[in-house]
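Hi,

Here is the structure I promised to pass on. Have a look at it first, then read my notes underneath.

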Amino acid sequence: MYPLYFFSPSLSFSLPSPLSLSLSLLSAQKLCGTNYPVSISFIVVNEFCERFSYYGMKAVLTLYFINYLHWDPNLSTAVYHAFSSLCYFTPVLGALIADSWLGKFKTIIYLSVVYVLGHIVKSVGAIPSVGDSTIHIVLSMVGLILIAFGTGGIKPCVAAFGGDQFDEEHTNERRKFFSIFYMSINGGSVLSTLITPMLRGDVQCFGGDCYALAFGVPAILMVIALVVFISGSGMYKKSPPEGNILLDVCKCMGLAIKNRWKSSKYDPKKKHWLDWAEDKYPRRLIHEIKMVLRVLVLYIPLPMFWALFDQQGSRWTLQATRMNMAFMLNALLILVFVPIFDMVVYPLIGLCRINLTPLKKMAVGMIFAALAFGSATLVEVNVTKTVVEPAPQGQCLLQVYNLAVSDVKLNIPGSNLFSQPIKSYEDPPAYQHIQLGGHNKTITMAVTQNEILYQCVQTFTEQKAYTLVLHSNGSEIVCQLATDNIHKSEKMEAYLRFINTRSEAVNITVGAVDFYVPADYGISPHNSVERKEYTNDKCTSGSQNFLITLGLLDFGASYTVILKGVKIILQKMEDVKANNVHIAWQIPQYVLITAGEVMFSITGLEFSYSQAPANMKSVLQAGWLLTVAFGNVIVLIVAEGAGLDQWMEFLLFAGLLVAVCIIFSIMAYFYTYVDPDELDKLFPDKTVNDDDEDNLKKNQKYHLDQTDNSMYLNPIEKRTKM
């Protein structure tokens, strides 16, 4: 379900010292007689705990925004994807720090401390007693920024540091290590996305859902990750910083653009615009940049895939809260699909003699993702049938309960609503939109019963939902306005309230929830109750005890139960319909998006790794991570700017990805696969042609200009020394 990041190990040459020899003996320890260094076990456990920490926090983040900070779904989605985007921009900063300043080991430790501090600040911000809502928002945002710099900063370092632990002759073991590393990512994410939502919903603290605990446990896991990583310090191979190749690439490209811009028509023509940097930079570096740029161009359409993929944690989560939750799908699909595709699907395709190249796999993955959002559109259309959409600005929602003994008519000036008589104790069919023309409005309504006219004066506020209760006090009709709750419970519980028409107050216990209902048409507050069949619930009125049967209170519904009669007769109204779409209908979209991920994400990473020169793989990884970041930016733009219904937004994303897939397929058709090892033939290790003599001098001048010549060897010289 989550991207795997491959990196090339950093290599350097230096004379051994007694200290380095002793460290080499420690790092040479192997696991159970294999060629796997003992040190990688610390790195794998560290990654498992870190991913548990990250995805556990994200699993409840959208609901935290909505239910704790009281943001609307669009703002919550926007901030969620802004945070996700920042987490994939900061790896560039982490790579710069590791390569040019601290090295991977120290970068991981220092930024992990920042990571832990972010979790702590985030947890404190979720404690209700700590300040007001402004303090909660500030602490939450500061915590998320620190977490983004922590997780993003270590992202380009941990896997590469694991690759550094292997000897050069153990390339097969190193390749398998990345598979193990990938499984640790998904193992941590699977457990966290199951456990942290339970910590939030099943554990109560500070009088409500325990978001502080749900964020606190990931903080503890990140502390464990840091402790485990430091524990293996004596066993690690720690390569010093070698200078940042990404910076060299940017400088070379900048010089080429500058020289090309300043050139005149009398200057010799160049085959490629990068060749204008040959006066300072080695030809091999320029050739390697050309190879990388050809792949980076293919990356341009890729953010659209991530724009769809990352909505699993925002829009799809919100969709799930409005469905029947008798069954919950989890992230285990990815752990099942990876071996299925590797051992079954791809071999079967090979038997059919279909040449499924990496770029073709990625295109098919895009189609699967688009189909997933098509499926999500169909689900959303059916889900919205049970949802009461909030009124827009300048309007409110109104339904009417007629608790009088006969039919009544209601007339609202300037509208033709409620044109038909309202029957006694009739369950209203739907909420009606009342035009206010401003923030609030006082309306004088006419109520007619038995041809006698009564006036009902009430004040309405925009974007709220109301129930107008009409009843008789013996001589005339009385109207009473109650504010309604139309939002569905994110815990898949039912909302319940009572209206007491009797002359005595009533105390009712429904499950573990107590209700007090005042006499003479008193209305209790809405309370959430567990979804189940309720029979023989305790009811006390004065000195009398009763047992009442409410029947099934279903997922996501909101009920009003009217109490009437001496022996208490119940009349149950359904204000908001129950979730009648089972969450199992989300299975197809998750299956499709997971299949798309296996074919797109993993294949894309392998393709990028195979097409990049050895010293440019980190550059390509930075480009890959940026596609994820820009994908989240796309969601931000659409969520905030489009203003579409959710099902239309899903359909828009699906259509956009199909269009992008077509563009990507055309680009892929013209792409020629390369073998980076061919660079050794173009630029031999030990011999230099006469034509390359001048270029070699340029190379030497370039590298003598660097801070540490031992770390910036000429590519030809460097490969010879290895």
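Below is what I found, first in a sheet and then in a pair of helices.

Keep in mind that this is a predicted model.

Let's start with the sheet. It is open and has four strands, in the order β5-β3-β8-β9, and the pairing is mixed. Which strands stand at the edges? They are β5 (432-435) and β9 (477-483). Each has a single partner strand, so one side of each is left without a neighbour in the sheet. If you look at how neighbouring strands sit, they are turned by 35° against each other on average, ignoring direction.

Now go to β3 (residues 395-402) and β8 (residues 465-472): these two pair in the parallel sense, over six bridges. To find your way there, look for Tyr401, which stands opposite Val469 in β8.

On to the helices. Two packed helices are described by the angle between their axes and the distance between the axes. For α2 (residues 39-59) and α8 (residues 211-231), the angle is about 165° and the axes are 8 Å apart. Angles over 145 degrees count as roughly antiparallel, so that is how α2 runs relative to α8. The crossing of α2 past α8 is left-handed.

What makes the contact? On the α2 side, the residues include Phe42, Ile43, Val45 and Phe52. From α8 come, among them, Phe215, Leu221, Ile224 and Phe229. Counting the residues of this contact by type gives 16 nonpolar, four polar and one charged.

Have fun exploring!

Terms used: Residues numbered from 1 in each chain as written. Predicted model: local features only at pLDDT ≥ 70, side-chain atom pairs only at ≥ 80, totals over all residues. Heavy atoms only, no water. Pairing = 2+ DSSP bridges. Axes fitted to C-alpha atoms, helices over the stretch in contact; angles between N-to-C directions. Parallel < 35°, antiparallel > 145°, perpendicular 65-115°, else oblique. Left-handed = near helix turned anticlockwise from the far one by under 90°. Contact = heavy atoms within 4.5 Å. Nonpolar A, V, L, I, M, F, W, Y, C, P; charged D, E, K, R; others polar.
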